[in-house]
Each structure stands twice: as structure tokens, then as C-alpha cells.
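User: I would like to understand how the terms used for this model are justified. Please set each one against its definition.

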Amino acid sequence: MKNCVGMLLAGGEGKRLGLLTKELAKPAVPFGGKYRIIDFALSNCANSSLQRVGVMTQYSPLELNKHIGNGGPWGMGGLNSGMTVLSPYTAQNGGDWYSGTADAIYQNIHYIDSYDPEYVLVISGDHIYQMDYRKLLKHHQETGADATISVKPVSWEEAPRFGILNTTEDLQIYEFDEKPKKPKSNLASMGIYIFNWSSLKSYLLDDAANEKSSHDFGNDIIPAMVDDGLKLYAYLFEEYWKDVGTIESYWEANMDLLDEDLQFLLNDKNWRTYSNESNIPPQYISETAVVKNSLINSGCWISGTVENTIVFENVAIEKNSIVCRSILHPGVKVGRNVVLERVIVMGDTDIPDGTRIQVKADEEPLVIDQESLLTAKV
């Protein structure tokens with residue numbers, strides 16, 4: 001992929017994640033016991049041998065920038081490769097906050113042009129999946145497309161939440177509807193695109209000059225390309241993929257990691273998931289502990305019962321406490337005689353002795369931090 005530059009959209013505010021994104025950009029939210037959401041997209045880049053990646057940040061970027069660093073954990077800190085954080089800026093040329101996904105790419109045209117690529121890969125930093133982008137590029141080249149969109153079949157009930165593609169039998173796109181009320185198909189855009197850079201650049205320039213545009217790929221760029229008769233193809237992706245845009249989907253995606261059939265998401269030696277790891281001591285599981293079907297990270301001290309739960313680093317769970325179907329972020333302290341079920345506990349929260357928080361299966365998991373714990377039903 002030497003003739004391709006990756007552009008990773010990592011500026012999402014993630015309002016629907018509530019407290020989880022109160023002080024964090026959505027891609028920086030902890031996930032899976034030792035990772036952050038963005039690690040999956042970055043690891044896909046590394047495993048696909050994509051050597052040049054621009055990461056576009058915007059909302060609450062401090063923690064995300066610290067995590068990414070120079071891209072070393074993903075093998076992009078060398079002389080012949082690079083990961084560059086591209087923050088919005090104000091300058092004499094009129095730069096400003098990114099007003100949409102297409103505008104984020106437009107404002108960084110100079111970065112892309114510096115590598116003179118033939119292709120540009122545009123991906124999102126807030127999805128959980130494993131994809132070999134080399135296969136996507138190969139499909140793009142074989143079809144002779146101007147743009148290729150990765151798609152995944154979704155349920156008809158979910159379809160109105162996505163950009164929906166209507167295609168011929170050979171997956172050439174002839175219609176694109178952004179979040180249609182009555183979708184004609186269930187082929188949903190995953191927000192993963194490969195463009196011929198020469199074509200995309202001209203559309204970005206035209207879009208930037210259009211005051212009526214929302215400067216978005218799904219609303220503006222893709223429909224304009226379809227209307228102009230460019231060759232657009234869908235790339236069918238049938239493996240695991242999760243958009244963690246809500247608290248429910250975030251909780252579900254974490255719980256999916258405990259499914260035996262989905263262990264490959266973390267344990268595939270041929271497709272490693274990399275992260276910026278901490279140097280902390282091993283976990284300790286005491287003789288009073290009971291641990292079933294859970295992920296327990298380093299630095300944890302477990303003396304209670306843990307079932308179907310994701311436990312991040314440096315978490316302590318005291319005796320006679322039960323934590324079930326929950327997610328505990330780094331540094332959480334659970335006192336004695338505590339019961340937690342379907343709860344997401346944010347980092348460095350202390351759960352007092354005797355606390356009971358149990359959320360029913362038909363209710364949204366409860367997110368708590370130290371402040372909200374004072375008003376929670378315990």
C-alpha cells in the first residue's frame with residue numbers, strides 16, 4: 001500500500017455515549033480491558049502494511065494525542081513510515097474547526113499531497129472490527145472504480161440509521177441514500193472508503209466552495225459522485241463489525257469479547273491488536289476470588305466474584321462483592337459486600353462498601369463515575 005495514504009477520522013464527540021465522552025474523544029474511550037476504541041482501526045492499518053496515516057482529531061484530543069504518540073506501538077514511528085496527528089487550526093487561509101467528514105479531509109489536502117498518492121483510504125476511529133485494507137484496495141483496482149465503499153448487511157430495522165447503497169448484481173453502486181426512512185436495501189456503508197485521489201480532490205474543492213453543503217461524505221460527496229456517473233463499487237464485508245455509537249452498543253461490543261466464537265478479535269496471532277501499554281505488575285487473584293468468563297487486566301487485585309465482566313488495569317474488588325456483566329475502567333475500587341450488574345464504572349471511581357446497583361436486562365446499562373454515584377439508586 002505504498003501508493004496509498006490513510007486518513008483516520010478521530011474527532012467524534014460521541015454525545016450518545018454520555019458520561020463516557022464527557023472528557024474524552026469517542027475514539028479514546030477505553031475498550032476491551034486494555035485498549036481504546038481507536039486501537040482497532042490503527043491495528044488494521046499496521047497489519048495491512050499501511051505506512052502513512054493522518055489522524056484527524058478535534059473534540060477533547062489531549063488523552064487521544066497522548067495515547068497515539070508518534071505511532072510507535074503500531075509500527076509507524078520509523079524513518080520510512082509515519083503517523084501524524086492533524087488537528088484543526090485557524091490560519092490566514094481560513095482554516096477552522098472541521099465542519100464535517102469531507103471538510104476534515106479538505107483541510108488536510110496539503111498533507112495528502114505531500115505524499116503524492118494514487119489512492120486515499122478514509123476510515124473512522126470509532127468502530128470495532130478487523131479488516132485487511134489490502135483486500136479492499138485490490139478490489140478497488142480490479143473494478144477500475146473511482147471510489148469503493150465497504151458495506152455490511154444490517155437488519156432492516158437498523159437500516160435507517162446508516163447510509164444505504166443500492167447496487168447492481170456485481171455491486172456497482174447506482175444510488176446512495178443517507179439514513180433513509182424507507183430503505184430500498186440493507187447494504188449499509190461502514191464509513192470506510194478508498195478513492196482515487198485525483199477524483200476525490202476535485203470533489204473536495206467543489207464541495208468546499210458550496211455554501212449549501214454540509215461537507216459530509218454520506219450527505220454530499222458520495223451522492224455527487226453517483227449523480228455524475230462515476231464508477232463506484234461496494235466491497236462486501238461479512239466479518240464482525242460494531243459501531244459503538246451508543247451506551248448499549250458499547251456494552252454489547254465489550255461483552256462480545258467474552259463470546260468464545262469471537263475470541264479471534266483479541267487472540268489472533270496473525271492479526272494482533274496493538275495498544276500503548278502501561279508497565280504495571282501482574283494481576284493478583286486471591287483464594288477467596290471466583291472468576292468466570294471474564295477479562296482481567298494487569299495490576300488488578302481480585303478477592304470477590306467476577307462473572308462475564310471486562311476489568312481494566314489496576315482495579316481492586318474486595319471480598320464478598322459480586323460484579324456481573326459489567327465493565328470496570330482503570331483504577332476502579334470496589335469495596336466489600338458490593339453487587340454490580342450491567343454497570344459501566346468509569347476510571348478511578350471508588351464504590352463504597354454495601355453498594356448495590358443492578359440494571360435489568362431490558363434496560364440500558366448504567367454508566368457511573370464518582371460524581372454520579374452520589375445520586376445513583378444504590
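User: What makes the space of about 1200 Å³ a pocket?

Analyst: The model is a predicted one. About 1200 Å³ of space lies in its largest pocket. A pocket is an open set of grid points with protein on both sides within 12 Å along at least five of seven lines, so the term applies to this space.

User: Which residues line the largest pocket nearest its centre, and which elements give two or more residues to the lining?

Analyst: Of the 38 lining residues, Thr101, Ser124, Asp126, Lys179 and Asp216 lie nearest the centre. Helix H3 (101-106), S10, S11, helix H7 (217-227) and S13 each give two or more residues to the lining. S11 provides the largest share, four residues.

User: How is the lining of the largest pocket divided by class, and how is that of the second largest?

Analyst: The lining of the largest pocket has 16 polar, twelve nonpolar and ten charged residues. The second largest pocket, with a volume of about 440 Å³, is lined by six nonpolar, five polar and six charged residues. Glu23, Leu24, Met346, Gly347 and Asp348 lie nearest the centre of the second largest pocket.

User: Why is helix H8 called mostly covered?

Analyst: Buried means under 20% relative accessible area. Eight of the ten residues of H8 (residues 247-256) are buried, and therefore the helix is described as mostly covered. The buried residues are Ile247, Ser249, Tyr250, Trp251, Ala253, Asn254, Met255 and Asp256. Among the elements that cover them are strand S2 (30-31), strand S13 (241-243) and strand S28 (366-368).

User: How do you know that S9 and S10 pair?

Analyst: Pairing requires at least two bridges between two strands. Five bridges join S9 (residues 163-167) to S10 (residues 173-178), so the two strands pair. They run antiparallel, and Asn166 has Glu175 as its bridge partner in S10. The two strands form a hairpin with five residues between them, and Leu171 in the turn has a positive phi of about 70°.

User: What makes the set of 39 residues a nonpolar core, and which members touch the most others?

Analyst: The members of a nonpolar core are buried residues of listed types joined through side-chain atoms within 4.5 Å, so the term applies to this set of 39. Leu8, Val55, Leu121, Tyr133 and Ile192 touch the most other members. Helix H1 (38-47) is one of the elements that give two or more residues, and H1 gives the most, with five. A second, separate core of 35 residues includes Phe176, Leu204, Leu230 and Leu232.

Note on methods:
Residues numbered from 1 in each chain as written. Predicted model: local features only at pLDDT ≥ 70, side-chain atom pairs only at ≥ 80, totals over all residues. Heavy atoms only, no water. Buried < 20%, exposed > 50% of the residue type's maximum accessible area, 1.4 Å probe, protein only. Contact = heavy atoms within 4.5 Å. 1 Å grid on protein atoms, 1.4 Å probe; cavity = no way out; pocket = protein on both sides within 12 Å on 5 of 7 lines; lining within 4 Å. Points joined across faces, edges and corners; volume = space filled by probe spheres on them. Nonpolar A, V, L, I, M, F, W, Y, C, P; charged D, E, K, R; others polar.
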